[in-house]
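Hi,

Here is the structure I promised to pass on. Have a look at it first, and then read my notes below.

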Amino acid sequence: TRAESDVSIRVGYSVEDDVIGRRVVTYSKGIYASQDYLDAHWDSRGEQGEGLCWIGWGGAEAVPAWLKNSPFPKADLRHGIREGMLVSDLVGEGLGMSYLPCFAEHYDKRMVRVPGTEVAPDRSVWLLLHPDLRKTTRVRMLVDFLSDELKAMKPVFLGPLA
């Protein structure tokens, strides 16, 4: 009735709500595109990404800091999208490249890491529970189970390092 949950999974750099949090695993991000996109655009690109297209995250900055600091600062920025699944779908459909969590390539076989780019640590996956429930057996069992399962997926979250 209060629209609260006993346990939740959240992705973020930190958690500052009135909850008990357990950082389970940190995931890595990389620059991804579809193989079709790379086949069509990679060989004709300029040294700083001219001829390539970013599918960007978020706001309306003219030239966001992440683009300036990327390996392809001269690639066109076509979109500023806040929904991760939509960014992933656009990349998978061959409309450009984007920074995505490394687990994207595990779950979407259309994704390939852009050649010559590296992965880097990004946010963490957190398990959160309401403070009043931290000693409740059923909740503790669920949190422990989820934690073990997520930790077992660490290679997927980190992605290939090569």
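Before we start, a word on the names: helices (H or I, at least four residues) and strands (E, at least two) are DSSP runs, numbered from the N terminus. Threonine 117 is a handy place to try this out, since its place is in the loop between strand E6 (111-113) and E7. Keep in mind that this is a predicted model.

Staying with that loop for a moment: is threonine 117 buried or exposed? Its relative accessibility is 8%, so threonine 117 counts as buried, given that buried means under 20%. A polar atom of its side chain lies 2.6 Å from the backbone oxygen of valine 114.

Now the overall picture. The chain has 6 helices and 7 strands, and if you read along the sequence, you get the pattern β-β-α-β-α-β-α-β-α-β-β-α-α. There are 162 residues in the chain, and 40% of them count as buried. Along its principal axes, the C-alpha trace spans about 60 × 30 × 25 Å.

On to the aromatic rings, which I enjoyed most. A pair of aromatic rings is described by the distance of the centres and the angle of the planes. Searching the whole structure turns up 7 aromatic pairs. One of them joins tryptophan 54 and tryptophan 66: the centres are 5.1 Å apart and there are 80° between the planes, an edge-to-face arrangement. Tryptophan 54 lies in strand E3 (residues 53-57) and tryptophan 66 in helix H2 (residues 65-68), so this pair ties together parts that are 12 residues apart in sequence. As for how covered they are, tryptophan 54 is buried, with a relative accessible area of 0%, while tryptophan 66 counts as partly exposed at 24% relative accessibility.

Tryptophan 54 has another partner, tyrosine 99. Why is the pair of tryptophan 54 and tyrosine 99 called stacked? Their ring centres are 5.4 Å apart and their planes are at 10°, so the pair falls under the 30 degrees that stacking asks for. With tryptophan 54 in strand E3 and tyrosine 99 in strand E5, the pair ties together parts that are 45 residues apart in sequence.

Zoom out a little and you'll find that ring pairs link Trp42, Trp54, Trp66, Phe72 and Tyr99 into a cluster. Two members of the cluster also have a charged residue over the ring face. Lysine 29 lies over the face of tyrosine 99, at 5.0 Å from the ring centre, and arginine 45 lies over the face of tryptophan 42, at 3.7 Å from the ring centre.

Tyrosine 99 turns up again in the largest pocket. That pocket holds about 540 Å³ of space. It is lined by 19 residues, and Trp57, Gly84, Tyr99, Leu100 and Pro101 lie nearest its centre. Elements giving two or more residues to the lining include strand E2 (20-34), strand E5 (98-101) and strand E7 (120-129). Which element gives the most to the lining? That would be H3, with 4 residues. By type, the lining splits into 11 nonpolar, 2 polar and 6 charged residues.

Last stop: glycine 159, in the segment after helix H6 (154-158). Glycine 159 is buried, with a relative accessible area of 15%. Its C-alpha atom is separated by 24 Å from that of leucine 52, and the two residues are 107 apart along the chain.

Have fun looking around!

Terms used:
Residues numbered from 1 in each chain as written. Predicted model: local features only at pLDDT ≥ 70, side-chain atom pairs only at ≥ 80, totals over all residues. Heavy atoms only, no water. 1 Å grid on protein atoms, 1.4 Å probe; cavity = no way out; pocket = protein on both sides within 12 Å on 5 of 7 lines; lining within 4 Å. Points joined across faces, edges and corners; volume = space filled by probe spheres on them. Nonpolar A, V, L, I, M, F, W, Y, C, P; charged D, E, K, R; others polar. Phe/Tyr/Trp six-rings, centres within 6.5 Å; stacked < 30°, edge-to-face > 60°. Buried < 20%, exposed > 50% of the residue type's maximum accessible area, 1.4 Å probe, protein only. Lys NZ or Arg CZ within 6 Å of the ring centre and 35° of its normal. Polar contact = N/O pair within 3.5 Å; in protein donor to acceptor, adjacent residues only side chain to side chain.
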